[in-house]
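Q: I should like to learn how such a model is read, feature by feature. Where should one begin?

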Number of protein chains: 2
Amino acid sequence: MLITVTAAGTGACSDLPMRAPPPKPSQALADILKNSATGEWRQPDPANTLYMDLAAGRVVIELAPQFAPLHAENIRALVREGYFDGLAIMRVQDNYVTQWGDADGTRPMRTAARTLAPEFTVSPADKLAFTLLPDGDVYAPEVGFVGGFPAARDPKTNTAWLVHCYGMVGAGRDNDVDTGNGAELYAVNGSPTRHIDRNAALVGRVLEGMALLSSLPRGTAGGLGMYEKPEQRVPIARMRLAADVPESERVRLEVLRTDSPSFQAILEWRRHRHDDWYKVAAGHVDVCNVPIPVRPIGK
Amino acid sequence: MLITVTAAGTGACSDLPMRAPPPKPSQALADILKNSATGEWRQPDPANTLYMDLAAGRVVIELAPQFAPLHAENIRALVREGYFDGLAIMRVQDNYVTQWGDADGTRPMRTAARTLAPEFTVSPADKLAFTLLPDGDVYAPEVGFVGGFPAARDPKTNTAWLVHCYGMVGAGRDNDVDTGNGAELYAVNGSPTRHIDRNAALVGRVLEGMALLSSLPRGTAGGLGMYEKPEQRVPIARMRLAADVPESERVRLEVLRTDSPSFQAILEWRRHRHDDWYKVAAGHVDVCNVPIPVRPIGK
């Protein structure tokens with residue numbers, strides 16, 4: 001029952017049980033990545049890259065200042081004043097969100113703003129380089145990718161917004177729309193929570209370490225996945241901007257450009273799987289069912 | 001920063017931080033469930049209900065014999081011959097699947113079939129009671145619900161199939177379509193893997209305990225989420241049919257009928273959130289973004 005397979009994107013080989021959906025990573029996908037040009041990859045701006053250090057490892061988040069410039073600025077301020085250091089993940093709701101911030105409401109803000117104008121949509125959308133996905137969407141007139149993030153667009157209102165796919169990071173808020181200041185952040189840990197689109201500011205996405213957030217024990221309080229007891233919370237050792245970390249200590253990652261030919265090839269591959277395992281091609285792909293490739297630089 | 005909220009469906013109260021998406025479970029949803037009629041709920045057939053006991057707790061799975069009768073029968077045979085007892089979860093791929101079975105390929109099958117005709121679609125679809133979701137879908141001509149499971153339908157071919165939403169359980173297979181015999185099962189643990197629709201037999205869904213499968217450490221082998229070492233695997237103490245467990249020891253659950261008025265009210269609520277937190281209603285809902293309510297009987 002054991003076969004030797006080649007892993008997607010890494011070239012590593014390993015013995016694995018056959019029965020799996022699918023039984024082996026696609027060689028076609030591995031080839032697309034392997035044959036991609038250097039210029040098709042970009043290095044995230046260190047000034048827009050966050051490191052959240054947990055005991056289990058580091059979570060790397062890329063901010064999206066094109067969509068949430070005020071939030072990105074405020075999160076930078078919060079991180080630089082050490083706001084998150086020693087705070088914790090206090091909510092892990094299954095198939096919803098992993099959320100962190102000041103669970104007790106006692107952490108002072110020194111330099112950051114307490115309220116921010118909502119950044120739920122941006123306009124004019126036609127100024128954005130939008131890689132349109134022609135496969136349709138249940139929630140928005142148009143969907144696609146902008147600068148490495150999954151996004152939606154409404155030509156009628158000329159607005160665009162980021163969408164709540166797995167691993168996207170947003171700013172929690174109270175009922176008032178200006179209360180999402182970036183001091184409480186969440187990451188989508190299950191099915192896309194697309195009903196939140198345009199109701200909260202998405203501020204970026206997890207580039208690496210999402211499994212550290214998705215594999216945490218679920219909370220049980222109040223139907224919201226809050227941890228019942230403070231000691232169940234997962235401490236944040238510290239949160240820093242990559243730009244504030246010595247170059248030698250940075251996580252060196254590159255992200256496939258979503259306006260590149262190789263990304264188009266991946267979309268096509270995801271629509272029409274051409275390997276031996278798939279018998280029926282979907283013919284379409286959902287904007288949230290396209291993991292955007294990230295890899296260590298030089299690998 | 002603390003407010004008191006009422007939890008969805010439970011009526012429990014708890015102090016919770018305010019900033020969250022959304023900050024409190026909807027009273028509207030709680031009211032729909034509270035006001036639902038007894039007859040709108042059904043008790044899953046014990047002959048089609050599996051208990052998978054892990055050290056951390058019990059996972060309850062409802063089989064879907066309407067869509068995969070041969071697989072349901074074979075899984076019953078496997079469970080009754082003790083096939084799964086002492087086997088393990090060997091694969092947890094982030095944002096993909098949690099999978100269990102015979103990782104070493106040494107467990108004999110005594111009464112169950114080794115190969116099964118593929119049950120990727122059923123026909124004729126127009127014989128099924130199909131609750132149509134009018135909001136559209138990226139992958140299928142029509143989507144909706146059949147007997148408590150999310151499903152798709154193609155009127156042209158008069159076929160229907162279950163769809164890979166969060167918590168759905170499928171039969172892994174090799175490249176040959178008849179190799180998915182139910183001896184290796186997976187549960188979707190992240191974004192819907194809709195590209196697998198019609199490429200594997202979905203055999204049911206997790207009614208309770210999904211968090212036990214989704215919160216496991218991710219495997220790192222081969223790009224497939226396989227655990228590197230046998231000792232990382234998560235043992236299955238035993239798997240049984242509810243029908244084979246004394247009534248007093250069964251998990252007594254009921255599931256909201258997906259052809260009920262209350263389920264329609266939930267769909268409408270999910271399209272147009274009417275609480276204070278939501279500022280923009282999506283107006284649509286995706287077939288995989290509708291958790292089908294399950295509750296303990298008598299609660």
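A: Let us begin with enclosed space. A cavity is a set of grid points where a 1.4 Å probe fits but cannot get out. The model shown here is a predicted one.

Q: How many cavities of 30 Å³ or more does the count give?

A: Rolling a probe the size of a water molecule over the atoms shows where empty space is left. In this structure the count comes to five cavities of 30 Å³ or more. The largest cavity holds about 220 Å³ of space.

Q: Which residues lie nearest the centre of the largest cavity, and what classes make up its lining?

A: The lining consists of 18 residues, and those nearest the centre are P192(A), D286(A), P192(B), D286(B) and C288(B). By class, the lining of the largest cavity has eight nonpolar, four polar and six charged residues.

Q: How is the interface between chain B and chain A to be described?

A: One may take the contacts, then the buried area. Contact means heavy atoms within 4.5 Å. Here 74 residues of chain B are in contact with 75 residues of chain A. The two chains, B and A, bury about 6200 Å² between them, and 57% of this area is on carbon and sulfur atoms.

Q: How many salt bridges and how many residue pairs in polar contact are counted between chain B and chain A?

A: The count of salt bridges between chain B and chain A is zero. For polar contacts, the count between these chains is 21 residue pairs, with both residues at pLDDT 80 or more. On the side of chain B that touches chain A, at least two residues each come from β2 (13-17), β7 (97-101) and α3 (210-214) of chain B. By class, that side of chain B has 36 nonpolar, 20 polar and 18 charged residues.

Q: How many salt bridges are there over all chains, and which parts of chain A does the pair R194(A) and D137(A) link?

A: A salt bridge is assigned when a side-chain nitrogen of Lys or Arg is within 4 Å of a carboxyl oxygen of Asp or Glu. Over all chains the count comes to 26 salt bridges. In one of them, the side chains of R194(A) and D137(A) meet at 2.9 Å, N to O. This pair links distant parts of the chain, 57 residues apart: R194(A) is in the loop between β13 (185-188) and β14 (201-208) of chain A, and D137(A) is in the loop between β8 (131-133) and β9 (142-146) of chain A.

Q: Which residues does E228(B) touch, beyond those up to four places away in sequence?

A: E228(B) lies in the loop between α3 and β15 (234-241) of chain B. With those sequence neighbours left out, E228(B) touches T220(B) and A221(B). The side chains of E228(B) and T220(B) are joined by a polar contact of 3.1 Å. E228(B) and M90(B) are 138 residues apart along the chain, and their C-alpha atoms are separated by 9.0 Å.

Q: Which backbone features deserve a look?

A: One may examine omega and then phi. The peptide bond between S123(A) and P124(A) is cis, with omega about 0°, and P124(A) lies in the loop between β7 (97-101) and β8 of chain A. In chain B, a cis peptide bond runs from S123(B) to P124(B), with omega near 0°; P124(B) lies in the loop between β7 and β8 (131-133) of chain B.

Q: What is phi of R198(A), and what is phi of R198(B)?

A: R198(A), a residue other than glycine, has a positive phi near 70°. R198(B) is not a glycine either, and its phi is positive at about 70°. R198(B) lies in the loop between β13 (185-188) and β14 (201-208) of chain B.

Methods. Residues numbered from 1 in each chain as written. Chains lettered and ligands numbered in written order. Heavy atoms only, no water. Buried area = accessible area lost by both parts, 1.4 Å probe. Polar contact = N/O pair within 3.5 Å; in protein donor to acceptor, adjacent residues only side chain to side chain. Helix = DSSP H or I, 4+ residues; strand = E, 2+ residues; numbered from the N terminus. Nonpolar A, V, L, I, M, F, W, Y, C, P; charged D, E, K, R; others polar. 1 Å grid on protein atoms, 1.4 Å probe; cavity = no way out; pocket = protein on both sides within 12 Å on 5 of 7 lines; lining within 4 Å. Points joined across faces, edges and corners; volume = space filled by probe spheres on them.
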